[in-house]
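Let's take a walk through this protein together, one element at a time. Keep the structure open beside you and turn it as you read.

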Amino acid sequence: MTGTTRGAALPDPAPGGDRPLAELRKAGKSYGATRALHGVDLAVHPGRVTCVLGDNGAGKSTLIKIISGLHQHTEGEFLVDGEPVRFTTPREALDRGIAAVYQDLATVPLMPVWRNFFLGSELTRGPWPLRRLDIARMKKTADEELRTMGIVLDDLEQPVGTLSGGQRQCVAIARAVHFGARVLILDEPTAALGVKQSGVVLKYIAAARDRGLGVVFITHNPHHAYLVGDHFSVLRLGTLELSADRGEIGLEELTDHMAGGAELTALEHELAQARGVDVAELPEGRDRQAPVTASPEGNP
C-alpha cells in the first residue's frame with residue numbers, strides 16, 4: 001500500500017521556541033534482518049499533542065523505545081533540542097526531559113499514592129547515616145503536584161491499587177511532570193479503560209499540553225486521538241502512512257487511514273465478486289469509490 005504523507009518534508013528546526021523538543025528524521029530500527037521501523041519523521045513541539053496511531057505490529061512500540069532510550073535507532077536521526085542524540089539507557093532520556101508512561105504504569109499497587117509518586121526518587125532528611133524518609137514533605141509535594149494537574153485525592157495514604165484506572169494514569173502523568181518531563185510519551189493510556197475513565201485521562205493529557213509539555217499520545221483509537229490531538233501520524237507496517245495537522249484532516253478520514261481504507265476497499269470488492277454482487281449497488285461501496293472517480297482533467 002502506498003503511503004500518503006501530508007505536506008512537504010519536515011524543515012530544519014527553527015531557532016527559538018518553534019524548535020521541536022524532540023524529532024525523528026527518516027528514523028528506523030532493524031533487528032537483524034527484520035526492519036521494524038523505516039523512514040519515520042516525527043516532531044514533538046512544546047504545548048502540542050502528537051498522536052501516533054497504528055494497529056498491532058505497526059511499529060508504535062519500537063518508536064516509543066527509540067524516543068525513551070530503550071533502543072537505539074539504526075537509521076536516520078534522533079534530535080533533542082536540535083542536537084543529534086543516541087541514548088543508551090532510559091535514564092539518559094530522562095535526564096534530557098523525556099519520560100514514558102507505559103500501560104503497566106510502573107506502580108506498586110499495595111503502596112500508598114504518595115510513596116508511588118516518589119518511587120525510586122524518595123526525599124530524605126537528616127545526616128548520614130541517620131538519614132530517613134521525609135514523609136511529610138513527600139506527601140505535601142505529591143498533593144500539590146496532583147492538585148496542579150487537577151487531581152484531588154481525599155487520602156494520599158490509600159494504596160494506589162484502589163484508585164480507578166484513569167486515576168492511576170493521571171498520577172503517573174503528574175509524577176512524570178514533577179520530575180522534569182518536557183516530552184511525555186503515553187503508551188495506550190486509554191486502551192483498558194471505559195468511556196468515563198478514558199475521558200478523565202484525555203482531560204489530563206490536555207492539561208499537560210496546556211502546561212507547555214510536548215505530548216506523544218500512542219493509541220489505536222482515532223476518536224480519542226481526535227479529541228486532544230494537534231498532529232496525527234499513522235504508522236502501517238513500520239512506515240509512516242499519514243502525517244497531518246488537525247486542520248488538514250477530519251475524524252472520518254483519520255479513521256479510514258487507521259482502519260486501512262485501501263485494504264478494506266479491496267476486501268469489499270473480493271467479497272462482493274465472490275457473492276456475485278455489484279459493488280456499486282452497496283452503500284459503502286459507492287461511498288468508498290466516490291473519492292477515486294476520475295475528473296475531466298484526469299485527476300482523482
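The buried residues of helix α6 are covered by a set of elements that includes β3 (48–53), α5 (165–178), β9 (183–187), β10 (214–219) and α7 (222–228). This is a predicted model, so please read every value here as computed from predicted coordinates. Which residues of α6 are buried? They are Ser198, Val201, Leu202, Tyr204, Ile205, Ala206, Ala208 and Arg209. As you look along that list, recall that an α-helix has 3.6 residues a turn, so residues three or four places apart point the same way.

You can also check the helix with a ruler. Helix α6 covers residues 195–210, and at 1.5 Å a residue its 16 residues should span 22 Å. The C-alpha atoms at its ends are 23 Å apart, which agrees with that expectation.

Now follow the chain out of the helix. After α6 comes Gly212, which has a positive phi, near 95 degrees. Gly212 sits in the loop that runs between α6 and β10. Is Gly212 buried or exposed? Its relative accessible area is 36%, so Gly212 counts as partly exposed. Leaving aside residues up to four places away in sequence, Gly212 touches Pro46 and Gly47. Arg182 is 30 residues from Gly212 in sequence, yet the two C-alpha atoms are 7.9 Å apart in space.

The loop leads into β10, and from there we can step across to β3. These two strands pair in the parallel sense, over 6 bridges. To find the register, look for Thr50, whose bridge partner in β10 is Val216. β3 also pairs with strand β11 (residues 231–236), again in the parallel sense, over 4 bridges. Here Val52 stands opposite Ser233 in β11. With these partners in view, it is worth asking how many residues of β3 are buried. The count is 5 of 6, so the strand is mostly covered.

Another sheet deserves a visit. It is an open sheet of 4 strands in the order β2-β1-β4-β5, with antiparallel pairing. Why is one side of β2 and of β5 left without a neighbour in the sheet? β2 (34–44) and β5 (83–84) stand at the edges, and each has a single partner strand, so one side of each has no neighbour there. Further in, 5 bridges join β1 (residues 22–31) to β4 (residues 75–80), and these strands run antiparallel. One place to see this is Leu24, which stands opposite Phe78 in β4.

Phe78 takes us to our next stop, since this residue is also among those that line the largest cavity. Rolling a probe the size of a water molecule over the atoms shows where empty space is left. Counting cavities of 30 Å³ or more gives 1, and the largest cavity holds about 40 Å³ of space. Along with Phe78, its lining includes Ile66, Gly69, His71, Gln72, His73, Val85, Arg86 and Phe87. Sorted by class, the lining has 4 nonpolar, 4 polar and 1 charged residues.

Finally, step back to the whole protein. Its secondary structure comes to 10 helices and 12 strands. Of its 300 residues, 43% are buried. Among contacts between residues at least 6 apart in sequence, 63% join residues at least 24 apart.

Key
Residues numbered from 1 in each chain as written. Predicted model: local features only at pLDDT ≥ 70, side-chain atom pairs only at ≥ 80, totals over all residues. Heavy atoms only, no water. Pairing = 2+ DSSP bridges. Expected span 1.5 Å × (residues − 1). Buried < 20%, exposed > 50% of the residue type's maximum accessible area, 1.4 Å probe, protein only. Contact = heavy atoms within 4.5 Å. 1 Å grid on protein atoms, 1.4 Å probe; cavity = no way out; pocket = protein on both sides within 12 Å on 5 of 7 lines; lining within 4 Å. Points joined across faces, edges and corners; volume = space filled by probe spheres on them. Nonpolar A, V, L, I, M, F, W, Y, C, P; charged D, E, K, R; others polar.
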